[in-house]
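Grab a pencil and work through these short exercises with the structure open beside you. Each one sets a task and then walks through a solution.

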Amino acid sequence: MSQMIDFTKIDYLKNGNERQRRAYEVLAKHRIFDKLKAYSPILAGTIPIEIDVEGSDLDLIFEVDLKFEEDFLDDLMFSRFIPYDVDVENPIVNGEKCITLNFVLEGFPIEIFGQNKPTIQQNAYLHMIAEYKILQDKGEEFKQKIIELKKQGIKTEPAFGMLLGLENPYEDLLKF
């Protein structure tokens, strides 16, 4: 089994595949992780674990106390990588109010997700870590099957669920 990657930093992307290197360039150029470090940003999702497909977004997760949502939005706007006309939404996830913003930055679809919990305890991060460990364990053939399902439009967690026979992949993956 290979070395566990520290996904809380983005350095590993520098030595990754073409898309990972490009993601690193964009994130580093805009100094997103520097400017917003108070919110413990993490890049989650499929790009870090190399199961992204055409159109996969950069999932940036943040720890945000939504009592101070305006401060977070001010810091995002001040960081100058977000368009001013971006839609801000406040979905309820597992009974908690969150914040999401979606936009495109230098050709990358970006999803910003903020929740009032440490980023390393958020489901997006926990799912990615579980998926990474499963991919390490199951090997390249399994990884290609996941990518194939994703190309057919199946979301990541359901794709893992199908191949692993999980009844509720969003919850079951958290047990890995």
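Before starting, one cut-off: a residue is buried under 20% relative accessible area, exposed over 50%, and partly exposed in between. Asp 34, with a relative accessible area of 45%, is therefore partly exposed. Keep in mind that this is a predicted model.

**Exercise 1. Get the overall layout of the protein chain.**

Solution. Start by counting elements: the protein chain has 7 helices and 7 strands. Next, read them off from the N terminus, which gives α-α-β-β-α-β-β-β-β-β-α-α-α-α. Then look at the dimensions: along the principal axes, the C-alpha atoms take up a box of roughly 45 × 35 × 30 Å. Is that what a compact globule would give? What radius of gyration does the protein chain have, and what would a compact globule of 176 residues have? The protein chain comes out at 16 Å, and the globule value is near 16 Å, so the two agree. Finally, check the inside: 45% of the 176 residues are buried.

**Exercise 2. Find the salt bridge between Glu 106 and Lys 29 and say what it links.**

Solution. First, the distance: the closest N and O atoms of Glu 106 and Lys 29 are 2.8 Å apart. Now place both ends. Glu 106 sits in the loop between strand S6 (99-105) and strand S7 (108-115), while Lys 29 belongs to helix H1 (residues 18-29), so the bridge ties together parts 77 residues apart in sequence. Then compare exposure with the cut-offs: Glu 106 has a relative accessible area of 31% and is therefore partly exposed, whereas Lys 29, at 57%, counts as exposed.

**Exercise 3. Do the same for Glu 69 and Lys 97.**

Solution. The two side chains meet in a salt bridge, 3.4 Å from N to O. Glu 69 is part of helix H3 and Lys 97 part of strand S5 (residues 96-97), so this pair connects parts 28 residues apart in sequence. Is Glu 69 buried or exposed? Its relative accessible area is 10%, so Glu 69 is buried. Lys 97, at 41%, is partly exposed. To round this off, go back to Lys 29 and Glu 106: together with Arg 22 and Glu 25 they form one network through salt bridges that share partners. A search of the whole structure turns up 11 salt bridges.

**Exercise 4. Look at Arg 31 and its partner Asp 34.**

Solution. Their closest N and O atoms lie 3.4 Å apart, and the pair counts as a salt bridge. Arg 31 has a relative accessible area of 46%, so Arg 31 is partly exposed. Asp 34, at 45%, is also partly exposed.

**Exercise 5. Check two unusual backbone angles, at Ser 40 and Glu 50.**

Solution. Take Ser 40: its phi is near 50 degrees, positive in a residue other than glycine. Ser 40 falls in the loop between helix H2 (32-35) and strand S1 (42-44), and at 31% relative accessible area it is partly exposed. Now Glu 50: phi is about 60 degrees, again positive in a residue that is not a glycine. Glu 50 is in the loop between S1 and strand S2 (58-63), and it is partly exposed at 33%.

**Exercise 6. Locate the negative patch.**

Solution. On the surface, Glu 70, Asp 71, Asp 74 and Asp 75 come together in a patch of negative charge. Pick Asp 71: it lies in helix H3 (residues 69-78) and is partly exposed at 39% relative accessibility.

How values were computed:
Residues are numbered from 1 along each chain as its sequence is written. This is a predicted model: local features need pLDDT of at least 70, side-chain atom pairs count only at pLDDT 80 or more; totals for chains, interfaces and linings use all residues. Side-chain values use heavy atoms; hydrogens and water are left out. Patches are made of residues with over 30% relative accessible area and no salt bridge: like charges are joined within 9 Å, nonpolar side chains (Val, Leu, Ile, Met, Phe, Trp, Tyr) within 5 Å. Accessible areas come from the Shrake-Rupley method with a 1.4 Å probe; for residues, only the protein chains shown count as cover. A salt bridge is a side-chain nitrogen of Lys or Arg within 4 Å of a carboxyl oxygen of Asp or Glu. Lys and Arg count as positive and Asp and Glu as negative; His and the chain ends are not counted. The place of a charge is taken as NZ of Lys, CZ of Arg, CG of Asp or CD of Glu. Helices (H or I, at least four residues) and strands (E, at least two) are DSSP runs, numbered from the N terminus. Buried means under 20% relative accessible area, exposed over 50%, partly exposed in between (1.4 Å probe, protein chains only). The radius of gyration is taken over C-alpha atoms; the globule rule is 2.2 Å times the number of residues to the power 0.38.
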